[in-house]
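Reader: I would like a close look at one part of this model, set carefully into the context of the chain around it. Please begin with the residue I name below and then work outward.

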Amino acid sequence: MMDEKKKHIMTAAIEVFTRYGFKKTSMQDIADAAMTSRAALYLHFKNKDDLFRSLMTWHQGEALKAAEAGFSSSSPFILRMENALTDFTMMIMAPVKASTHGLELFEATMMLAGDINAATSLRLRELIEDAVRTAASRKEISLSATGLSAEALADLLYVCLDGIKKAPNGLEKLDQRLAALMRLLDTSTRPS
């Protein structure tokens, strides 16, 4: 669990990186936004790269928590899936999409936190598969009509979500595109 001081610094860092981009952001900028000293920052982080990696770990962890909460709700399967995927994607993409430095932040994330992204992607993929398996075992959905295993359907949903995120106007059309995907999922997996 992250202490409150570190969480405060991370929250300030998101705002600063979003405003100035990765390259132009200095540790002093983050210290100023967090209303702390640079020396205090260095008690928590070795340098800006270390802070950024920690930020990505925290930020992506929060997005996974949102997805887990969505998947574990008592809503019907399609609504659980849609809410979990929407919440995850909105949390992951919002800072990048809100910034005029979005591409630079994306590139910094890939360069400095590619392993964190990969672990997050793997975990989301596992959560989707668990949700599909659980829904199938509860007879909320039927996989037989699709001809897909739970693993294959989860993989397809994950790849579709990735495509939706990267498509033009990804966040602006996220709800619309995910709703369409969920209608297809509902129609194709509805028990007879």
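Is Met 35 buried or exposed, and what is its relative accessibility?

Author: The model is a predicted one, and in it Met 35 counts as exposed, because its relative accessibility is 71% and a residue counts as exposed over 50%. Met 35 is placed in the loop between helix 2 (27-33) and helix 3 (38-44). Its backbone also deserves attention, since Met 35 has a positive phi of about 55° although it is not a glycine. As a general background to that value, most residues other than glycine have a negative phi. Lys 139 likewise has a positive phi without being a glycine, in this case of about 65°. Lys 139 sits in the loop between helix 6 and helix 7, and with a relative accessible area of 66% it is exposed.

To set these loops in context, the chain has eight helices and zero strands, so that reading from the N terminus the elements run α-α-α-α-α-α-α-α. The C-alpha trace spans about 65 × 35 × 25 Å along its principal axes. Of the 192 residues in the chain, 44% are buried, and among contacts between residues at least 6 apart in sequence, 70% join residues at least 24 apart.

From the exposed loops one can turn to the aromatic side chains, where the count comes to three aromatic pairs. In one of them, Phe 17 and Phe 52 meet edge-to-face, with 5.2 Å from centre to centre and 90° between the planes. That pair links distant parts of the chain, for Phe 17 belongs to helix 1 (residues 4-24) and Phe 52 to helix 4 (residues 48-71), 35 residues apart. Phe 17 is buried, with a relative accessible area of 2%, and Phe 52 is buried with a relative accessible area of 2% as well. Phe 52 also pairs with Phe 22: the ring centres are 5.1 Å apart and the planes stand at 70°, so this pair is edge-to-face. Because Phe 22 lies in helix 1 and Phe 52 in helix 4, the pair ties together parts that are 30 residues apart in sequence. Phe 22 counts as buried, at 9% relative accessibility. Phe 17, Phe 22 and Phe 52 form one aromatic cluster, and Lys 48 lies over the face of Phe 22, at 4.4 Å from the ring centre.

Further along the chain, helix 7 (residues 150-166) offers a check on geometry: at 1.5 Å a residue its 17 residues should span 24 Å, and its end C-alpha atoms are 24 Å apart, which agrees. Its buried residues are Ala 150, Leu 153, Ala 154, Leu 157, Tyr 158, Leu 161, Ile 164 and Lys 165. Seen down the axis of helix 7, these buried residues fall within an arc of 135°, so they line one face of the helix. The underlying periodicity is general: an α-helix has 3.6 residues a turn, so residues three or four places apart point the same way. The cover over the buried residues of helix 7 includes helix 5 (77-98), helix 6 (102-137) and helix 8 (174-189).

One residue of helix 8 shows how these elements meet. Leu 178 is placed in helix 8 and is buried, with a relative accessible area of 0%. Leaving aside neighbours within four places in sequence, Leu 178 is in contact with Glu 82, Leu 85, Thr 86, Leu 161 and Ile 164; among these, Leu 161 and Ile 164 are buried residues of helix 7. Thr 86, in turn, is found in helix 5 and is buried, with a relative accessible area of 13%. Not counting residues up to four places away in sequence, Thr 86 touches Leu 174, Asp 175 and Leu 178.

Helix 5 itself has 22 residues and reaches 31 Å from its first C-alpha to its last, close to the 32 Å expected at 1.5 Å a residue. A kink of about 35° nevertheless lies at Ile 92 in helix 5, shortly before the proline Pro 95.

To return to the residue you asked about, Met 35 is exposed at 71% relative accessibility and belongs to the loop between helix 2 and helix 3, whereas Leu 178, in helix 8, is buried with a relative accessible area of 0%.

Terms used:
Residues are numbered from 1 along each chain as its sequence is written. This is a predicted model: local features need pLDDT of at least 70, side-chain atom pairs count only at pLDDT 80 or more; totals for chains, interfaces and linings use all residues. Side-chain values use heavy atoms; hydrogens and water are left out. Rings of Phe, Tyr and Trp (its six-membered ring) pair if their centres lie within 6.5 Å; planes under 30 degrees apart count as stacked, over 60 as edge-to-face and the rest as tilted. Helices (H or I, at least four residues) and strands (E, at least two) are DSSP runs, numbered from the N terminus. Buried means under 20% relative accessible area, exposed over 50%, partly exposed in between (1.4 Å probe, protein chains only). A charge sits over a ring if NZ of Lys or CZ of Arg is within 6 Å of the ring centre and within 35 degrees of the ring normal. The expected span of a helix is 1.5 Å times one less than its number of residues. The arc is that of the directions from the helix axis to the C-beta atoms. Contact means heavy atoms within 4.5 Å. The bend at a residue is the angle between axes fitted to the seven residues ending there and the seven starting there.
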